[in-house]
Amino acid sequence: MVQKHLESLQSSCGNGLESGALQRLTNLLLVEGLTDIQQKEHDILQVETTKGLPNVSKSIPLEKLFLPLSKVSIPPRVSVTIGVAGIGKSTLVKLFVCSWAKGEINRDIMFVLPLTFRELNTYEKLSAERLICSASPHIPEPGCIAAGAAQTLLILDGLDEFKTPLDFSNAAVCTDPKKEIQVDNLITNIIRGNLLQEASVWVTSRPAAARQIPGGLVDRMTEIRGFGAAEMKDFLDQMFLDNRDLSSQVLQHIKANRSLHVLCTIPGFCRISGSSIAYFLKHSSDQSQEAAVVPRTLSEIYSYYFKMALSGDWLEKPRETLRIEQAVNISKKLVGSLGRLAFYGLLRKKHVFYEQDMKAYGIDLSLLHSSLATRLLLKEDMQASTAYYFSHLTIQEFLAALYYHTAAKRAIFDLFTESGVSWPKLGFLTHFRGAVQRALQAEDRQLDIFVRFLSGLLSPQVNRLLCGWLLQKDEQGGLRGQAIGVLQGCLHAEHAVSSRAVNAMRCLHEMQHTDTAKAVEEAMRSGTLAGMLTPTNCSALAYLLQVSDVCLEETNLSNCLTYNVCKSLLSQLLFCHNLRLDNNQFKDDVMELLGSVLSVKDCQIQRLSLAENQISNKGAKALARSLLVNRSLMVLDLRSNSIGPTGAKALADALKKNQILLSLNLQHNSIKEDGATFLAEALLTNHRLVTLHLQKNAIGAQGARKIAEALKKNCSLRELILSSNSVGDNGSIALAEALRVNHSLQSLDLQSNSISSAGVTALTAALCSNKGLLSLNLRENSISKEGGPAIARALRSNSTLRKLDLAANLLYDDGGKAIALAIKENRALTSLHLQWNFIQAKAATALAQALQSNSSLASLDLQENAIGDEGMAALSAALKVNTTLADLHLQVASVGVAGAQALAEALMVNTSLQILDLRGNSLGLAGAKAMAQALRVNRSLRRLNLQENSLGMEGAICIATALKGNHGLTYVNLQGNHIGQSGAKMISDTIRTNAPDCVVDV
């Protein structure tokens, strides 16, 4: 009995499983119930709005789908797996059943009983025992399973195809497994646990239909993810096994169209798009230049698909012998009758049809064996009858639009009333307006794609494609112009930009009316959106947030939004992963709005910048409340606002519970000592925050001490910026104590904090034992030459510090020499900044000697130090043997002709230096000639700054002509060298000719 059951399942479920495309299905996303958009929006709109990327979720392997998540939890009884149309829900079920039947997974389950709701539609009444028998006729004693004698999994595939809505509120209770009841009643009782209490139940469904099952009855919900980049490529390669070049071209066209690329994460849609684009590519040479446009809109994709089907010219098999003319005539009749079935099925939310439905709509069943029908309509033979369903939801919607487009030109009554009893409606435009209004009023949004296709059928390109096949030629194009007016009217009607308005914009795009969207997109590129965001333009902006490449990396809406505009765009901002709203003069009322957005389960904002607004503690509190529930935000930038200590406290309290946020920037917010204290308390319990920016907040020594105490216990923070905070020596000493025990902090910024020798001595002593810090910024403090030896001691013993910034201190030659001696021994430091430290030739010579043996330092900054020609000569000698230094900054270093000549000699042999900045020296003509000679030989230098060096016209010409033989330089600056406007043009032209890849500022 069991063996027959296993063989039967392997036979029925093993067919058609393509192993190459199944890896995606072996890991499902573990989700916490349905999001708002999944409950309310059409499947295609869900994918478009979320850009094909589900919320960040944990994944669960298929083999663990029915196992406990932890040692203390229990297995789920009712599991629901959701996925949009065409994502692979039925394929997933087949994969699971086949793997189980082979003994590969879930061996603890004795019986797996797979059923589809298509099958259940054929029954009026069933008992639990008859249900078991219909799932597996080989089980002689269904009562054993009904009684829970064997561990059983009941699979119910395709809830969205069930003809009767599940009513959990009014379903009568039934506990008798032998009693026959209405099928919908049976299903509700099984899910509730009144019947088959011991069996596990697995339901698959499109998201909107899954909301019929109360959340409290679902123990585990999972979601099937769409294609990743590699999976999409593999899928297309599988489609075009014999032509990999064609597969690559198809993928290239898909990637070039962001909207199309997002939708092609759905396997069902990817197959249709891939077939259409491949058909276009194979026949583009046969078309006129006007028609040979790569399909970009949904309507164009499906027009090519249908044209391909109508001609019998499928890529997967040779052309049929039947003459095309005959095929077209037969197919036109079939498309017409299938279109009527599709349209009225769509209105009734009916996606599965049976033989009685086909006969009712006058469909000749003998025609369903044609090439066209088998591609558009799938057939499934069952015990009681035969079920028919469209190969993808969008195929049904396109057929419905074709039917409506044709019928609307001659209908005198409302086509949405199938009986024909309605007020007279004359003219295509009246029917088009009626369809748009119906779609706008539909709460479930299930007519949105139908209307989009209907709009697309009016586009000139689609009309050219299908004219003579499925459409009559629109000679004047008048219908299109009037339909555009109808859709534009929808954009003015709403105060808030809803997904309905966005869909209206997509309809206009389908009709190739893109003027508004292009104008707004150009304003986004140029940063001139301010003042032009009317309701219509807001709708265009919301549409562009989903489709424009301008928003691909970052959605920058800085300096252009008002309270009202922001409020109207709220529902669309939810899905912007990287959102910049800087300098919009936003006040606390906008933070209340944004807080509500961040609190929504659908929210996908990962990075949010609100810098340079007018946010006070009240606004910070609103954002803090949202952080308690938000699951997506990882980076929050609030710099240059006025949240104060109270606002800092609110955010700190949120950080104690929030374990998502990675980076918080509170620069220049007047949080003061109290605010720092609150944040320090949060750091004691928060184990997620990696970056904290607190510069310019007047936290003082006491605030720094509180943060230092927290650092002794916190192990997650990697970057801490405390610059311009009056930390002083006392605060530095406290931070030094923390660094002795904290080895997780990698970057510490203490710039401009009045730190003198006492503070730096403590910090450097801590560095002797610290094993974590990679970067230390002590720029613009009061570190004297006495601090040099302390820094040197740290550099001798520390083996982890990579970057040390000591610019704008008071080291003088003595301090510089001490550090140079340590550099000889240090093998870790890669970047050293000593700008503006009153260093002269002696320290420069010491540093040069260090460079002759040091093999780690890659960047050295000595600008604003009068090292002179003597110091330059010493450094040049070092460059002849050093092979690691890549950046050398010597701006305003009193370098003259002799120094330039020494440097030029070094550049002839040096192979590592890539960036050389000599701005503000006195190289003169002789120095320019020497540098020019070096440039003819040197191949490593990439950027050269000779700005303000008294080169004169002749010196600049020397440099310009030298580049003819130099193929490495990508940037040169010759500004401020008394060249004159005409000379600058000549120099620029010469460099452009000699080195076309080199950018020149002159």
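**Notebook: strand S12, two helix pairs, cysteines**

I began at strand S12, where Ala-387 is the bridge partner of Glu-380. The model I am reading is a predicted one.

I looked up the strand that pairs with S12 through this region and found S11, residues 377–381, running antiparallel to S12 with five bridges between them. I then followed the chain from S11 to S12 and noted a hairpin of four residues joining the two.

I checked Ala-387 for a second partner and found Tyr-354, which bridges to Ala-387 in S12. The strand pairing there is S10, residues 352–354, antiparallel to S12 over three bridges.

Next I asked how many residues of S12, residues 386–390, are buried. The count is five of five, and I entered the strand as mostly covered. I also sorted the residues of S12 by direction: Thr-386, Tyr-388 and Phe-390 point one way, Ala-387 and Tyr-389 the other, and all are buried. I set beside this the general rule that side chains in a regular strand alternate between the two faces of the sheet.

I turned to the helices and took H30 (residues 672–685) with H31 (residues 700–711). Their packing angle is about 0° and their axes lie 8 Å apart. Angles under 35 degrees count as roughly parallel, so I entered H30 and H31 as roughly parallel to each other. From H30 I listed Glu-673, Ala-676, Thr-677, Ala-680, Leu-683 and Leu-684, which meet Gln-702, Gly-703, Lys-706, Ile-707 and Ala-710 of H31. I sorted the residues of this contact between H30 and H31 into six nonpolar, three polar and two charged.

I did likewise for H37 (residues 868–879) and H38 (residues 897–907), which pack at about 5° with axes 8 Å apart. H37 and H38 are therefore also entered as roughly parallel to each other. On the H37 side I listed Asp-869, Met-872, Ala-873, Ser-876 and Leu-879; on the H38 side, Val-897, Ala-898, Gly-899, Ala-902, Leu-903 and Ala-906. The residues in the contact of H37 with H38 come to eight nonpolar, two polar and one charged.

Last, I asked how many disulfides the structure holds. I found zero. For Cys-958, which is in no disulfide, the nearest cysteine sulfur belongs to Cys-998 and is 16 Å away. A disulfide calls for sulfur atoms within 2.5 Å. I looked up exposure as well: Cys-958 is buried at 17% relative accessible area, while Cys-768 is partly exposed at 31%.

Technical notes
Residues numbered from 1 in each chain as written. Predicted model: local features only at pLDDT ≥ 70, side-chain atom pairs only at ≥ 80, totals over all residues. Heavy atoms only, no water. Buried < 20%, exposed > 50% of the residue type's maximum accessible area, 1.4 Å probe, protein only. Axes fitted to C-alpha atoms, helices over the stretch in contact; angles between N-to-C directions. Parallel < 35°, antiparallel > 145°, perpendicular 65-115°, else oblique. Contact = heavy atoms within 4.5 Å. Nonpolar A, V, L, I, M, F, W, Y, C, P; charged D, E, K, R; others polar. Pairing = 2+ DSSP bridges.
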